[in-house]
Amino acid sequence: MKYLVTGAAGFIGFHVSKKLCEQGHQVIGIDNLNDYYDVSLKESRLNELDSLSSFSFIKMDLTASQEILCLFEQNQFDIVIHLAAQAGVRYSIENPNAYIQANIIGYMSILEACRVYPVQHLVYASSSSVYGLNKEVPFSTSDKTDSQVSLYGATKKSNELMAHSYSKLYGIATTGLRFFTVYGPWGRPDMAPYKFTKKIIEADVIDIYNNGDLSRDFTYIDDIVEGVVRVSVKPPEKSEEQVPCRVLNIGNGSPVNLLEFVETIEDKIGIKAIKNMMPMQDGDVYQTWAETSELEELIDFKPQTSLSDGIENFVNWYKSFY
Ligand SMILES: NC(=O)c1ccc[n+]([C@@H]2O[C@H](COP(=O)([O-])OP(=O)(O)OC[C@H]3O[C@@H](n4cnc5c(N)ncnc54)[C@H](O)[C@@H]3O)[C@@H](O)[C@H]2O)c1
């Protein structure tokens with residue numbers, strides 16, 4: 001099949017593109033290669049993809065809606081996996097406009113293109129951040145999600161609502177995937193697994209928010225990729241009664257305390273961290289924990305990678321890459 005993967009130079013987009021090519025699909029990847037984090041890491045991911053003959057890359061910004069429309073006109077995509085976005089919770093406090101541009105205006109370009117040039121399925125990245133202040137765990141897709149604590153979460157929730165309206169109005173089959181803290185080789189420099197590994201190796205101080213009293217449902221990249229690829233060929237059914245639109249959690253389903261997480265990294269590197277205990281940060285939530293039975297039933301797959309194995313793979317990648 002012919003896939004469009006947006007954000008193909010990004011962490012998840014890179015892995016998804018690679019997997020799809022390995023399965024024999026044709027993939028066109030787009031990305032604007034912005035400098036939110038080290039551009040050379042994005043270029044290195046693209047260099048890896050370059051060796052795959054069924055992958056091609058086009059540098060393109062989501063907000064260039066006419067270019068996006070032309071791209072869809074020239075390629076009859078079967079499936080779109082929309083991962084390009086301004087990611088990161090804390091940066092949305094510093095630069096809220098980046099989120100409106102990429103996640104609202106850019107997202108709209110993709111929806112419109114799917115309306116004008118229909119595809120079998122639009123799969124897009126939502127986030128566990130939509131659960132915001134929710135206290136009840138594990139987080140279920142049937143829970144109310146009206147209390148985002150960051151503009152990032154608010155843009156992801158907006159994406160889900162926009163998808164629903166386009167599914168209803170134009171019959172576009174959409175699936176929003178609420179990702180829970182994804183980590184692994186080629187991971188993002190702005191996220192804890194990367195930041196902690198780098199700082200521990202360099203004997204630098206690591207900031208521990210809320211004095212370590214936080215927990216995250218860390219999910220290994222290979223499990224995420226498996227889930228995304230399997231979901232992509234399972235569009236919601238179109239029927240008279242039902243809007244072909246769904247939202248699913250995709251996460252490990254076993255939250256880990258922040259200090260335990262740091263300990264795992266320390267063990268894999270063989271060096272103790274120097275910790276700086278900090279208060280809770282604006283935009284942060286206390287815990288995340290995915291309830292994933294709906295996804296598991298749909299795709300017959302459950303995340304399989306333990307934190308210990310996943311962190312070991314990440315640390316090994318980090319050491320060999322840098
Ligand atoms: N990694 C996680 O833990 C996590 C958790 C929840 C949700 N998500 C979501 O999953 C998706 C992928 O995340 P990731 O971790 O791979 O992030 P990433 O930042 O590595 O990848 C996103 C890519 O999108 C590109 N991009 C941003 N704005 C663009 C624009 N206007 N036009 C074209 N390209 C643009 C960036 O250059 C980047 O390469 C994002 O939508 C993110 O919000 C990720």
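These legends walk through several close-up views of a predicted model.

**View 1. The ligand and the residues around it.**
Start with the ligand, which has 29 residues around it. Those that come nearest are I12, D31, Y37, Y152 and V182. Y37 reaches in with its side chain, placing a polar atom 2.5 Å from an oxygen atom of the ligand. L62 uses its backbone instead: a polar atom there sits 2.9 Å from a nitrogen atom of the ligand. L83 also takes part through its backbone, with an N or O atom 3.0 Å from a ligand oxygen. How much of the ligand does the protein bury? The ligand taken alone exposes 810 Å², and 96% of that is buried by the protein.

**View 2. Helices and a strand around the ligand.**
Here the view turns to the elements behind the shell. Two or more residues of the shell come from each of α1 (11-22), β5 (121-127) and α6 (151-170). Which element gives the most to the shell? That is β5, with three residues.

**View 3. Two separate nonpolar cores.**
Nonpolar side chains in soluble globular proteins tend to be buried together. In this model, the largest nonpolar core has 61 residues. I12, V16, I81, F179 and F261 have the most contacts inside that core. Apart from it there is another core, made of 24 residues, including I30, M60, I68 and C114. Zoom in on I81 and you'll find it touching Y3, L4, V5, T6, V16, L20, V123, V228 and S232, leaving out residues up to four places away in sequence.

**View 4. E266, a glutamate in a helix.**
E266 belongs to helix α9, which covers residues 258-269. Is E266 buried or exposed? Its relative accessible area is 5%, so E266 counts as buried. Around E266, once neighbours within four places in sequence are set aside, the contacts are I200, I271, K272, A273 and K275.

**View 5. Cysteines without a disulfide.**
How many disulfides does a search of the whole structure find? Zero. Take C70, which is in no disulfide: the nearest cysteine sulfur belongs to C114 and is 15 Å away. C70 counts as partly exposed because its relative accessibility is 34%. C114 is in no disulfide either, and the nearest sulfur to C114 is that of C245, 13 Å away. With a relative accessibility of 2%, C114 counts as buried.

**View 6. A cis peptide bond in a loop.**
V137 and P138 are joined by a cis peptide bond, with omega at about -5°. Where is P138? P138 lies in the loop that runs between β5 and α6. Those two elements also appear in View 2, where each gives two or more residues to the shell around the ligand.

**View 7. Two loop residues with positive phi.**
L33 has a phi near 50°, which is a positive value in a residue other than glycine. You'll find L33 in the loop between β2 (26-31) and α2 (39-50). L33 counts as buried because its relative accessibility is 16%, and the cut-off for buried is under 20%. A203 also has a positive phi without being a glycine, near 55°. The loop that holds A203 is the one between α7 (192-201) and β8 (205-208). At 56% relative accessibility, A203 counts as exposed, since that label applies over 50%.

Conventions
Residues numbered from 1 in each chain as written. Predicted model: local features only at pLDDT ≥ 70, side-chain atom pairs only at ≥ 80, totals over all residues. Heavy atoms only, no water. Core = buried A, V, L, I, M, F, W, Y, C linked by side-chain atoms within 4.5 Å. Buried < 20%, exposed > 50% of the residue type's maximum accessible area, 1.4 Å probe, protein only. Contact = heavy atoms within 4.5 Å. Helix = DSSP H or I, 4+ residues; strand = E, 2+ residues; numbered from the N terminus. Disulfide = S-S within 2.5 Å. Near = heavy atom within 4 Å. Polar contact = N/O pair within 3.5 Å; in protein donor to acceptor, adjacent residues only side chain to side chain. Areas by Shrake-Rupley, 256 points an atom, 1.4 Å probe, with all protein chains shown as cover.
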